[in-house]
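Thanks for coming. I will take this one residue by residue, then turn to the pocket and the charged pairs.

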Amino acid sequence: MATKGTNLSFYNKSELPQAKDFKIGVVVSEWNNEITENLFQGAFDALIDVGVIKENIVRWNVPGSFELIYGCKKIQESFEMLDAVIAIGSVIQGETKHFDFVCHGVTNGIAELNLTSDIPTIFCVLTDNHIQQSRDRSGGKYGNKGAEAAIAAIKMAQLRKDAKFYKA
C-alpha cells in the first residue's frame, strides 16, 4: 500500500493558503458508510481547522461511489460559487469484477470533470482490498484520507483563484 507507514492527516497550516472565504462542496457515497462517514469527518474537520467557515461547506449524499460523478457535476452546476468539490467514496474488493468497473468508471469520471469544469474535483475514493485497509485510511493507523483531500481542495481552490487572476 502506497501509504504504509504514513499518517495522511498531517499538514502544516502555515504553508496553506488563507481559506476563510473558500466554498467547498463535498459529495459523499452512502455505500460503505462506516468508511465514507469517517472520510467526511476527516475532511470536514480539516476544512474547519484551516479556516473554512462551516456555512461554506455544502454536503450532498449519493447512493454509491459510481454516482459520485453525477453528484459532483450537479453540485458544481447548482453552486457555481464553489471553489472546489471533494468526491468521497469507498470501493472494497469483492469476488467479482464489479470492483474493477466501479473503480475505473469513477476514476475516469472524476478526471473528466476536472478536464471539463472550472471547479476542481478532488478524488477521495478509497479502493482497498479489504475493510481493514479502508478503516486504517479513514481515521485508523494511517490517519484520514479525507483530511488529505480537504488540504488538496484548499490548494486547488487557491490555484483556481490564482489562474483567474493571471487570465484577467
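Glutamine 76 has a relative accessibility of 6%, so glutamine 76 counts as buried. That may look odd for a polar side chain, so let us see where the residue sits. Glutamine 76 is in helix α2. Leaving out residues up to four places away in sequence, glutamine 76 touches Val85, Leu113, Ser117, Ile119 and Thr121. This is a predicted model, so every value here is computed from it.

Now the helix as a whole. Helix α2 runs over residues 68-78, and its buried residues are Leu68, Ile69, Gly71, Cys72, Ile75 and Gln76. Why do they lie on the same side of α2? Around the axis they cover an arc of only 165 degrees, and that puts them on the same side. What covers them? The cover includes strands β1 (24-29), β2 (57-62), β3 (84-92) and β4 (121-128), together with helix α3 (98-116).

One of the covering strands, β2, holds the next residue. Valine 58 lies in strand β2. Its relative accessibility is 16%, which is under the 20% limit, so valine 58 counts as buried. Not counting residues up to four places away in sequence, valine 58 touches Ile24, Gly25, Val26, Ile75, Phe79 and Leu82. Among these contacts of valine 58 is Ile75, and Ile75 is one of the buried residues of α2. For Leu82 there is also a distance: valine 58 and leucine 82 are 24 residues apart in sequence, and 8.9 Å apart from C-alpha to C-alpha.

On to helix α1, which is where threonine 36 is found. Is threonine 36 buried or exposed? Threonine 36 is buried, at 0% relative accessibility. Its contacts, with neighbours within four places in sequence left aside, are Val28, Ser29, Trp31, Ile88, Gly89 and Ser90.

Two of those names, Trp31 and Ser90, come back at the pocket. The largest pocket holds about 220 Å³ of space. How many residues line the largest pocket? There are 15, and those nearest its centre are Trp31, Ser90, Val91, His98 and Val102. The elements that give two or more residues to this lining are β3 and α3. Both β3 and α3 are also among the elements that cover the buried residues of α2. By class, the lining of the largest pocket has six nonpolar residues, seven polar and two charged.

Now the charged pairs. The count for the model comes to nine salt bridges, and I will go through three of them.

Start with glutamate 37 and arginine 59. Their closest N and O atoms are 2.5 Å apart. Glutamate 37 lies in helix α1 (residues 33-49) and arginine 59 in strand β2, so this pair ties together parts that are 22 residues apart in sequence. Both partners are partly exposed: glutamate 37 has a relative accessibility of 35%, and arginine 59 has 27%.

In the second pair, lysine 20 forms a salt bridge with aspartate 21, and here the closest N and O atoms are 3.6 Å apart. Lysine 20 is partly exposed at 41%. Aspartate 21, with a relative accessible area of 52%, is exposed.

The third pair is arginine 137 with aspartate 128, with 2.7 Å between the closest N and O atoms. Are these two partners buried or exposed? Arginine 137 counts as buried at 11% relative accessibility, and aspartate 128 counts as buried at 2%. Elsewhere, salt bridges that share partners join Asp83, Asp118 and Arg160 into one network.

One last residue, in helix α5. Glutamate 148 lies in that helix, which covers residues 145-167. With a relative accessible area of 32%, glutamate 148 is partly exposed. Which residue is 106 places from glutamate 148 in sequence and 8.3 Å from it in space, C-alpha to C-alpha? That residue is glycine 42.

To go back to the start: glutamine 76 is buried at 6%, and it belongs to the set of buried residues on the same side of α2. That is where I will stop.

How values were computed. Residues are numbered from 1 along each chain as its sequence is written. This is a predicted model: local features need pLDDT of at least 70, side-chain atom pairs count only at pLDDT 80 or more; totals for chains, interfaces and linings use all residues. Side-chain values use heavy atoms; hydrogens and water are left out. Buried means under 20% relative accessible area, exposed over 50%, partly exposed in between (1.4 Å probe, protein chains only). Helices (H or I, at least four residues) and strands (E, at least two) are DSSP runs, numbered from the N terminus. The arc is that of the directions from the helix axis to the C-beta atoms. Contact means heavy atoms within 4.5 Å. On a 1 Å grid over the protein atoms alone, a cavity is a set of points where a 1.4 Å probe fits but cannot get out, and a pocket is an open set with protein on both sides within 12 Å along at least five of seven lines; lining residues have an atom within 4 Å of a point. Grid points are joined across faces, edges and corners, and a volume is the space filled by probe spheres set on the points. A salt bridge is a side-chain nitrogen of Lys or Arg within 4 Å of a carboxyl oxygen of Asp or Glu.
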